[in-house]
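Visitor: I would like to learn how the descriptive words for a protein model are justified. Could you show me one and talk me through it?

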Amino acid sequence: MRASGASMALLGASLLASSPAWAQPMEHAHPEASPWSLGGSLSWYFVHDRQNFGVVTATADHGPVHVEARYNYEALKTGSAFVGWNFEFGETVTFGITPIVGCMFGDVGGPIVGLELAIGWGPLSFSSQSEW
């Protein structure tokens with residue numbers, strides 16, 4: 001596998017700017033302490049005999065309202081935007097369910113309906129995303 005200098009520079013910069021991901025308790029139990037919860041990620045894919053690409057995801061939560069934007073997630077050169085509602089419950093083991101609706105634009109376009117699931121227990125967490 002051979003990567004271009006620009007790809008390696010982008011990978012190096014993203015690694016230096018990133019921090020380890022730790023399971024954290026859900027922030028919506030006390031909305032007055034932190035009214036907005038922001039998150040983002042960059043994943044870089046090195047694909048043999050094809051173009052390497054990055055996937056960018058940004059999220060914002062305000063109370064139960066969930067907003068999300070993605071690029072290259074559903075398809076290359078395609079962006080997507082979502083809005084949803086967080087349903088969270090549990091104390092020792094936490095559960096989160098977020099139905100989302102949105103649209104794709106760019107090389108591929110159209111509506112999207114999805115469901116995000118999360119389970120947390122102490123420092124452990126599991127999450128899953130589905131789209132139709």
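Visitor: What makes Asn72 stand out in the hairpin of β3 and β4?

Guide: In that hairpin, which has 6 residues between its strands, Asn72 takes a positive phi near 65°. Most residues other than glycine have a negative phi. Asn72 is not a glycine, yet its phi is positive. Please keep in mind that this is a predicted model.

Visitor: Is Asn72 called buried or exposed, and how do you know?

Guide: Its relative accessible area is 11%. Buried means under 20%, so Asn72 counts as buried.

Visitor: Which residue in the loop between β1 and β2 can I set beside it?

Guide: Try Asp49, which sits in the loop between β1 (37–45) and β2 (53–62). Asp49 has a positive phi too, near 60°. Its relative accessible area is 68%. The word exposed needs over 50%, so Asp49 is called exposed.

Visitor: Back to the hairpin. How do you know that β3 and β4 are paired?

Guide: Two strands pair if there are at least two bridges between them. Between β3 and β4 there are 7, and the two strands run antiparallel; therefore they count as a pair. One position to look at is Arg70, which stands opposite Ser80 in β4.

Visitor: What about β4 and β6: how many bridges join them?

Guide: Again 7, and these strands also run antiparallel, so by the rule of at least two bridges they are paired. Here Val83 has Val101 in β6 as its bridge partner.

Visitor: Why is Thr78 called buried?

Guide: Thr78 is in strand β4, and its relative accessible area is 0%. That is under the 20% cut-off, so the word buried applies to Thr78. Leaving aside its neighbours within four places in sequence, Thr78 is in contact with several residues, including Arg70, Tyr71, Met104 and Phe105.

Visitor: What makes the meeting of Glu74 and Arg70 a salt bridge?

Guide: A salt bridge needs a side-chain nitrogen of Lys or Arg within 4 Å of a carboxyl oxygen of Asp or Glu. For Glu74 and Arg70 the N to O distance is 2.9 Å, so the pair meets the rule. Arg70 is buried, with a relative accessible area of 4%, whereas Glu74 counts as partly exposed at 22%.

Visitor: And how do you know that Arg70 and Glu116 form one?

Guide: Their N to O distance is 3.4 Å, so this pair also passes the 4 Å limit. Arg70 lies in strand β3 and Glu116 in strand β7, so the bridge ties together parts that are 46 residues apart in sequence. Both residues are buried.

Visitor: Where does Glu131 come in, and how far apart are the closest N and O atoms of Arg70 and Glu131?

Guide: They are 2.2 Å apart, and the two residues form a salt bridge. Glu131 belongs to strand β8 and Arg70 to strand β3, so this pair connects parts that are 61 residues apart in sequence. At 30% relative accessibility, Glu131 counts as partly exposed.

Visitor: Which residues are linked in a network of salt bridges?

Guide: The network links Glu68, Arg70, Glu74, Glu116 and Glu131. The structure holds 4 salt bridges.

Visitor: Let us turn to aromatic rings. Why are Tyr45 and Phe53 called stacked?

Guide: Rings pair if their centres lie within 6.5 Å, and planes under 30 degrees apart count as stacked. The centres of Tyr45 and Phe53 are 5.1 Å apart and their planes are at 15°, so the pair is stacked.

Visitor: What values describe the pair of Phe89 and Phe95?

Guide: This pair has 5.5 Å centre to centre and 20° between the planes, and is stacked as well. Phe89 has a relative accessibility of 45% and Phe95 has 32%. Partly exposed covers the range between 20% and 50%, so Phe89 gets that name, and so does Phe95.

Visitor: Which surface patch includes Phe89 and Phe95?

Guide: They belong to a nonpolar surface patch of about 1100 Å², whose members include Trp85, Phe87, Ile97 and Trp121. The elements giving two or more residues to the patch are β5, β6, β7 and β8.

Visitor: What lets Phe87 qualify for a patch?

Guide: A patch residue needs over 30% relative accessible area and no salt bridge, and Phe is on the list of nonpolar side chains. Phe87, in strand β5, has 42%, so its area clears that cut-off.

Technical notes:
Residues are numbered from 1 along each chain as its sequence is written. This is a predicted model: local features need pLDDT of at least 70, side-chain atom pairs count only at pLDDT 80 or more; totals for chains, interfaces and linings use all residues. Side-chain values use heavy atoms; hydrogens and water are left out. Patches are made of residues with over 30% relative accessible area and no salt bridge: like charges are joined within 9 Å, nonpolar side chains (Val, Leu, Ile, Met, Phe, Trp, Tyr) within 5 Å. Accessible areas come from the Shrake-Rupley method with a 1.4 Å probe; for residues, only the protein chains shown count as cover. Helices (H or I, at least four residues) and strands (E, at least two) are DSSP runs, numbered from the N terminus. Buried means under 20% relative accessible area, exposed over 50%, partly exposed in between (1.4 Å probe, protein chains only). Contact means heavy atoms within 4.5 Å. Rings of Phe, Tyr and Trp (its six-membered ring) pair if their centres lie within 6.5 Å; planes under 30 degrees apart count as stacked, over 60 as edge-to-face and the rest as tilted.
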